[in-house]
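User: Could you take a close look at one part of this structure for me? I'd like to know how its pieces are packed together and what surrounds them.

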Amino acid sequence: MDVQKKYTGMRARPLFAGFGLMTLLSALPAYAQESAEETPVEAPSEQEASLDPMPTPMTVESGGFFSGVGFSFSGFSRIETAIRMTGEENPYNQRGNLFNQRAVDRCGGFPPFDACAVPDTATRTGRPANNTFNLQQFRTHLDFQLSLNDNWSARALVRGIYELGEYDNFDPDAVGSSASGHLYGKPNYFEYDNFNRGGCQNRLEVCGRRYMADLPFLTLDYQNGPLLIRFGNQQIAWGQALFFRVLDVPNGLDLRRHLFLDYTPEEYADERISSPAIRTSYQINNEWEIDAFAQMFQPTVYANPNTPYNLIASQFTIHDRFRDVDDKLNYGVRLKGKASDIGLQFAYSYRYNPDGVLRWTESGVDRGLPGPRANVVPPLTATVAQVLGVPLDQDGGISAAGPIFAQTPYEIDPTGVVSATEWFTYAGMVRLSALEALNASIEEFPATAALLAMPVGSDEAAMRELDLFFQLSGGLRGHLAREYKRENNFGFGASYTIDSEPGSLLDQLIINVEALYTPDRVFTATNLSRNYDERSEWITALVLEKYQRFSASFPATYMVFQWEHRTQSDLYGRLLDGMNGDSRNSAGGISGGWDGLVFAFQQPFPNLVYRIDASVLYDTRGGLMTQLGLRWKPSGPFSAEVYYTYLNGDLGGNDNDNIISTIDFADEIGVRLGYQF
């Protein structure tokens with residue numbers, strides 16, 4: 001194998017989508033520059049060429065070190081649009097909250113919270129949105145490649161994106177919000193909440209509220225025979241499973257732009273996040289190669305609150321602790337080769353999990369109980385003032401309670417949760433235990449006792465206690481810390497190509513098996529405790545892929561089938577113990593692991609100007625994602641893709657048991673119009 005081609009050449013086969021996310025709502029190998037698997041076919045796919053053009057360099061005759069200098073430049077610009085196909089807004093955002101303008105009965109109780117004492121009705125003051133678009137962006141890629149001599153070459157890929165969209169955006173002034181944090185006012189599409197000031201989380205990026213520009217690749221390569229060393233900002237793709245990131249562990253994902261709902265043949269081309277690294281590959285012999293890397297840790301970047309594809313409920317504020325580990329390194333090594341007719345790979349990585357884990361943290365917000373306003377019950381405020389032995393403020397509030405709230409994981413603000421029904425509903429949606437999360441927020445923060453809070457033993461008691469505090473506050477935001485934990489990953493892969501009767505369905509069928517074992521992986525606990533849940537997890541995948549010619553008039557059809565099984569979590573990394581909750585019952589969990597099935601195909605037309613792409617992901621617990629796309633690429637510089645993504649998380653059982661229900665608000669038609677140069 002030509003290791004230089006492996007590092008810088010295009011993938012020589014068309015691949016399909018990515019369907020993974022995050023830790024709280026996590027998520028998704030790649031159609032990117034680094035190849036996860038090389039399977040030779042007649043020519044690279046056209047879609048790949050449009051994303052990662054590799055023109056023939058112009059060479060300049062000279063001598064010495066710069067003999068054979070070559071330079072090439074290419075790129076593209078395009079408009080991307082996603083048109084909403086349902087009237088459903090993103091429920092994790094303020095203007096899509098399921099309880100906006102909806103009257104909900106509340107019934108607060110007093111310790112021990114075993115009975116209703118104060119009934120009332122609350123109506124969340126959020127203003128529902130009615131958006132037509134999920135995405136409206138302009139992007140450009142500029143790809144510079146330089147060859148200095150037979151040993152040295154360099155590449156720089158510049159990516160620029162501008163958010164064009166005018167959406168029904170959240171306005172904090174419209175609901176009287178003063179929530180803390182840089183990202184919890186008007187929507188910010190690209191900046192990072194760097195401890196209450198804006199910033200860019202990726203090291204080689206400049207960004208603002210509506211724009212970002214970065215360098216996904218800025219690399220210098222040295223090759224000398226079987227040795228190849230790459231220095232610089234880069235992506236590293238391991239593994240052969242196309243939809244499921246089993247062995248593809250070195251890099252996290254950047255989910256700010258279009259989540260993982262792009263045109264599926266591109267997989268993770270736009271999601272896998274780059275990081276400064278040194279990667280070395282050595283071709284031991286004709287059969288075996290060893291590949292190792294050392295990389296600066298770079299976490300997964302989630303969509304910001306109140307942007308179209310945000311999946312972390314916006315009633316919660318995230319304190320990202322990336323600064324605690326931004327100088328740490330990840331390491332990995334992979335041995336890949338063949339034994340007889342069987343392809344093998346063995347991989348190990350010692351890394352910080354880029355998805356991170358979440359726990360309750362002190363809010364630090366000194367804001368007392370308010371006086372009379374929407375969703376506040378004033379007589380309760382007077383009762384609490386008597387218990388605390390403090391006077392009411394002139395406006396009927398209790399500002400003296402502010403320093404106590406600052407030591408709890410709660411902030412008083414109308415953009416928080418306003419009823420127990422909302423609390424239980426959203427706990428189920430994000431796969432947490434409504435009861436145990438309440439108890440952990442009390443038991444691990446002693447200041448809550450000064451506010452009459454106490455742990456409870458039943459869902460009914462939890463609802464009575466929650467409603468009491470929502471009646472006092474008019475809304476409570478939860479505060480969570482996001483931390484990053486080390487883990488060891490042990491991976492194995494095997495592949496075999498069947499030789500059968502030429503032209504039959506079995507002939508040249510490629511069978512890939514991958515497995516990843518992570519001992520003592522750290523998960524977000526379903527109660528958001530600082531005592532994280534540690535469990536050993538197996539992730540396994542079976543992949544069958546094949547080119548089959550069904551007609552002499554059409555090029556071969558590429559087909560792939562995949563099955564992934566996880567023992568502890570779903571595809572987003574959420575513990576299965578957090579499944580099966582609803583609006584009145586805490587999560588009961590599910591057993592038996594998580595299973596996902598995928599089938600996809602790609603069919604070029606005879607003139608190669610058109611191509612049909614189709615993919616299906618089925619969660620065996622009742623969720624379905626399908627995408628049907630048409631690509632148009634004539635011989636000139638223009639191209640277009642139109643694709644429809646259908647999502648249904650309600651095919652049976654509890655919606656909160658499958659992964660698709662998390663994103664099924666995003667049914668959409670995507671349109672992309674591009675120009676290559």
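Analyst: Happy to. One term is needed first: a residue is called buried when its relative accessible area is under 20%. Please also keep in mind that this is a predicted model. The part I've chosen is a group of helices, and I'll start with α6.

Helix α6 spans residues 434-443, and 8 of its 10 residues are buried, leaving the helix mostly covered. If you'd like to find them in the viewer, the buried ones are Ala434, Leu435, Ala437, Leu438, Asn439, Ala440, Ser441 and Ile442. What lies over them? The cover includes two strands, β17 and β18, and two helices, α5 and α7.

Take α5 next, residues 420-429. Here 10 of the 10 residues are buried, so this helix is largely enclosed by the rest of the structure. The buried set is Ala420, Thr421, Glu422, Trp423, Phe424, Thr425, Tyr426, Ala427, Gly428 and Met429. As you can see, Glu422 and two threonines, Thr421 and Thr425, are buried along with the aromatic side chains of Trp423, Phe424 and Tyr426. Packed against these residues are strands β3, β17 (357-360) and β18 (410-417), together with helices α6 and α7.

How do α5 and α6 meet? Their axes are 9 Å apart and they pack at an angle of about 105°. Angles from 65 to 115 degrees count as roughly perpendicular, so α5 is roughly perpendicular to α6. On the α5 side the contact is made by Trp423, Phe424 and Ala427, and on the α6 side by Ala434, Ala437 and Leu438. By class, this contact has 6 nonpolar residues, with no polar and no charged ones.

Just after α5 there is a backbone detail to look at: Arg431 takes a positive phi of about 65°. Most residues other than glycine have a negative phi.

Now add α7. The axes of α6 and α7 come within 9 Å and cross at roughly 55°, and the two helices are therefore oblique to each other. Their crossing is left-handed. From α6 the contact uses Leu435, Leu438 and Ile442, while α7 brings Asp459, Ala462, Glu465 and Leu466. Which classes are present here? There are 5 nonpolar residues, no polar ones and 2 charged ones.

The other face-to-face pairing worth a look is α7 with α3. Helix α3 covers residues 378-388 and α7 covers residues 459-473; their axes come within 8 Å and cross at roughly 100°. That makes α3 roughly perpendicular to α7. Leu380, Thr381 and Val384 of α3 meet Leu468, Gln471 and Leu472 of α7. This contact has 4 nonpolar and 2 polar residues, with no charged ones.

What ties this part to the wider interior? In soluble globular proteins, nonpolar side chains tend to be buried together. In this model the largest nonpolar core has 94 residues, and the ones with the most contacts inside it are Trp360 and Trp423. The largest share of this core, 8 residues, comes from α7.

Trp423 is a handy residue on which to center your view. Leaving aside residues up to four places away in sequence, Trp423 touches Trp360, Tyr410, Val417, Ala434, Ala437, Leu438, Leu466 and Phe470. You have met several of these already: Ala434, Ala437 and Leu438 belong to the α6 side of its contact with α5. Leu438 also takes part in the contact of α6 with α7, and so does Leu466 from the α7 side. Trp360 comes up again too, as it is named with Trp423 for the most contacts inside the core.

To put the picture together, α5 has every one of its 10 residues buried, and α6 has 8 of 10 buried. Helix α6 lies roughly perpendicular to α5 and oblique to α7. Helix α7 in turn packs roughly perpendicular to α3 and gives the core its largest share of residues. If you follow Trp423 outward in the viewer, the contacts at Leu438 and Leu466 are good places to continue.

Terms used. Residues numbered from 1 in each chain as written. Predicted model: local features only at pLDDT ≥ 70, side-chain atom pairs only at ≥ 80, totals over all residues. Heavy atoms only, no water. Axes fitted to C-alpha atoms, helices over the stretch in contact; angles between N-to-C directions. Helix = DSSP H or I, 4+ residues; strand = E, 2+ residues; numbered from the N terminus. Parallel < 35°, antiparallel > 145°, perpendicular 65-115°, else oblique. Contact = heavy atoms within 4.5 Å. Nonpolar A, V, L, I, M, F, W, Y, C, P; charged D, E, K, R; others polar. Left-handed = near helix turned anticlockwise from the far one by under 90°. Core = buried A, V, L, I, M, F, W, Y, C linked by side-chain atoms within 4.5 Å. Buried < 20%, exposed > 50% of the residue type's maximum accessible area, 1.4 Å probe, protein only.
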